[in-house]
Amino acid sequence: MLHFDRHGLPLSTTSEIAAECYREGMDLLLSAWPGAAEALDASIAADPDFALAHAARARLHTTRAEPDKARERIATATGLVARRGTARERSHVEVLSLAIHGASAKALERALAHADTWPRDVLILSLPLGAFGLFAFSGMADHDQARVDLCERHARHYGADDWWFLTYRGWSHAENGAVGRGRDLLQRACELRRNNANAVHAHAHAMFESGAGEDAEALIADWLPGYDRTGILHGHIAWHAALVALERGDAEQALALYAEHVQPSVSAGMPINVVSDAASLLWRLRAYGHAVPAGLWEPVAAYAERSFSQAGFAFIDAHMALLEAATGDKAAVERRAEALTRLVEAGTLAAGPVVPAICRATLAFAEEEYAGCVRLLEPVAAEVVRIGGSGAQREVLEDTLLVALMRSGEVAKARALLDRRLHRRPSPRDTRWRGLLTA
């Protein structure tokens with residue numbers, strides 16, 4: 001008897017139990033919902049030779065920052081699929097293997113080719129699309145547009161009620177500036193599957209980008225209590241609520257959310273989220289003129305050092321620089337900037353010279369050398385997009401430039417930047433700053 005995945009693609013397993021558990025595990029994995037590991041393990045238990053279940057388990061290990069387990073599991077999948085797998089399944093495992101082994105450029109190339117042949121293979125199509133996906137971390141300056149183009153190229157293969165595709169299509173449009181269209185798609189995705197952390201996360205993004213902070217807060221307050229704290233996006237979604245609190249100047253609420261959901265000691269999120277969320281939220285508090293209580297920076301710095309000790313991961317390097325600069329570790333920032341400069345010179349840092357420039361600019365800001373921060377950051381501001389992540393995550397660097405402009409007396413430039421931001425979306429914080437500059 002032939003079995004199929006949720007999108008109608010045949011599966012090389014003879015076990016109905018293995019197929020059903022795989023379908024369930026994939027739904028949970030793609031919605032960032034707890035239970036995916038258990039469902040995929042049940043699939044493997046029912047059919048130990050089912051390669052795609054091992055491959056999905058490898059992908060899950062990757063999201064949990066367990067590289068050794070991911071490589072071991074994808075090696076198993078590679079051996080199995082060679083003996084018992086279709087052409088689609090062999091290509092599926094190959095793409096995942098490239099990504100897991102760090103061959104990101106080749107993985108992106110193969111993922112796009114795979115999607116052209118098998119556009120409904122959602123796990124592979126998802127690889128280029130996320131905020132931490134292959135497009136975002138490719139060093140491209142136009143990765144937001146590339147995600148939209150990819151979704152639109154394959155939209156005809158998905159029904160109007162496909163919750164997974166609506167999630168990624170909506171998020172891609174919202175990040176690329178079509179916020180209204182993105183919100184409509186994401187609203188529908190949330191309605192179709194409430195237990196979908198990716199859709200709620202993307203919807204909060206879209207609300208943030210449209211200036212609808214109250215809507216984002218209401219969404220998160222209603223939904224987050226039903227999402228187990230072991231969910232990998234629990235802390236990050238709470239971080240979005242903290243950003244909204246800061247927008248309206250409520251540092252007390254932002255710190256309360258940080259303490260309950262975001263800081264490393266309470267978050268079960270991916271290390272990349274834990275570090276970037278904590279570092280950027282504390283940095284924003286400080287940059288906006290709020291007090292950061294004693295003892296908050298050091299645990300984040302210790303966690304980050306354990307998770308990301310080497311330079312070369314542009315998105316994380318920017319956030320590590322925030323941590324190092326904020327804690328007064330000037331030598332660490334300089335070492336990081338020098339290491340990144342060597343990678344740029346060797347042609348091996350996809351994001352390019354913007355990354356060491358960010359590091360040096362954050363140090364200048366922390367040392368209250370605001371004019372120096374502007375000299376370093378302003379020329380590369382348009383290139384910050386190359387570090388990846390989302391617009392909301394990268395905005396901490398634009399905030400840094402804006403505050404440095406204001407504090408160094410560059411009133412005209414600060415006003416022009418604020419006007420561009422306020423044209424993009426309403427912001428009570430930016431409105432207050434604009435008023436202060438006018439006064």
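**Entry 1: H61**

I began with H61, which touches E66, K69, A70 and R73 once residues up to four places away in sequence are set aside. I note at the outset that the model is predicted. I located H61 in helix α3, which covers residues 51–63. I then asked whether H61 is buried or exposed. Its relative accessibility is 7%, and because buried means under 20%, H61 counts as buried. I also looked up a pair that is distant in sequence: H61 and I232 are separated by 171 residues along the chain, while their C-alpha atoms lie 12 Å apart in space.

**Entry 2: Helix α5**

I turned next to α5, since the helix that holds H61, α3, is among the elements that the buried residues of α5 pack against. Helix α5 takes in residues 87–100, 14 in number. From first C-alpha to last I found a reach of 20 Å, close to the 20 Å expected at 1.5 Å a residue.

How many residues of α5 are buried? I recorded 10 of the 14, so the helix is mostly covered. The buried set consists of R88, E89, S91, H92, V93, V95, L96, S97, L98 and I100. I noted that charged side chains appear in this set, R88 being positive and E89 negative. Besides α3, the packing partners of these residues are β2 (10–11), α4 (67–83), α6 (104–117) and α7 (122–126). Just after the helix, G102 adopts a positive phi of about 85°.

**Entry 3: Helix α19**

I examined α19, residues 354–366, in the same manner. Its 13 residues should span 18 Å at 1.5 Å a residue, and the end C-alpha atoms are 18 Å apart, so the expectation and the model agree. Of these 13 residues, 12 are buried, and I describe the helix as mostly covered. The buried residues are V354, V355, P356, A357, I358, C359, A361, T362, L363, A364, F365 and A366.

Which elements cover the buried residues of α19? I found that the cover includes α15 (271–287), α17 (314–326), α18 (330–346), α20 (370–377) and α21 (391–407). After the helix comes E368, with a positive phi near 65°.

**Entry 4: S390**

I looked up S390 because two of the helices that cover α19, namely α20 and α21, are joined by the loop in which S390 is found. Its relative accessibility is 0%, so S390 counts as buried. Leaving out residues up to four places away in sequence, I listed the residues that S390 touches as A131, W171, E175 and H205.

**Entry 5: The whole protein**

I closed with totals for the protein. I counted 23 helices and 2 strands. What radius of gyration would a compact globule of 439 residues have? The rule gives a value near 22 Å; the protein has 22 Å, so the two agree. The C-alpha trace spans about 75 × 45 × 40 Å along its principal axes.

Buried residues make up 58% of the 439. Among contacts with a separation of 6 or more, 61% join residues 24 or more positions apart. The exposed area comes to about 17300 Å², of which carbon and sulfur atoms supply 53%. Finally, I noted 47 positive and 56 negative side chains, with the centres of the two sets 2 Å apart.

Terms used
Residues are numbered from 1 along each chain as its sequence is written. This is a predicted model: local features need pLDDT of at least 70, side-chain atom pairs count only at pLDDT 80 or more; totals for chains, interfaces and linings use all residues. Side-chain values use heavy atoms; hydrogens and water are left out. Helices (H or I, at least four residues) and strands (E, at least two) are DSSP runs, numbered from the N terminus. The radius of gyration is taken over C-alpha atoms; the globule rule is 2.2 Å times the number of residues to the power 0.38. Buried means under 20% relative accessible area, exposed over 50%, partly exposed in between (1.4 Å probe, protein chains only). Contact means heavy atoms within 4.5 Å. Accessible areas come from the Shrake-Rupley method with a 1.4 Å probe; for residues, only the protein chains shown count as cover. The place of a charge is taken as NZ of Lys, CZ of Arg, CG of Asp or CD of Glu. The expected span of a helix is 1.5 Å times one less than its number of residues.
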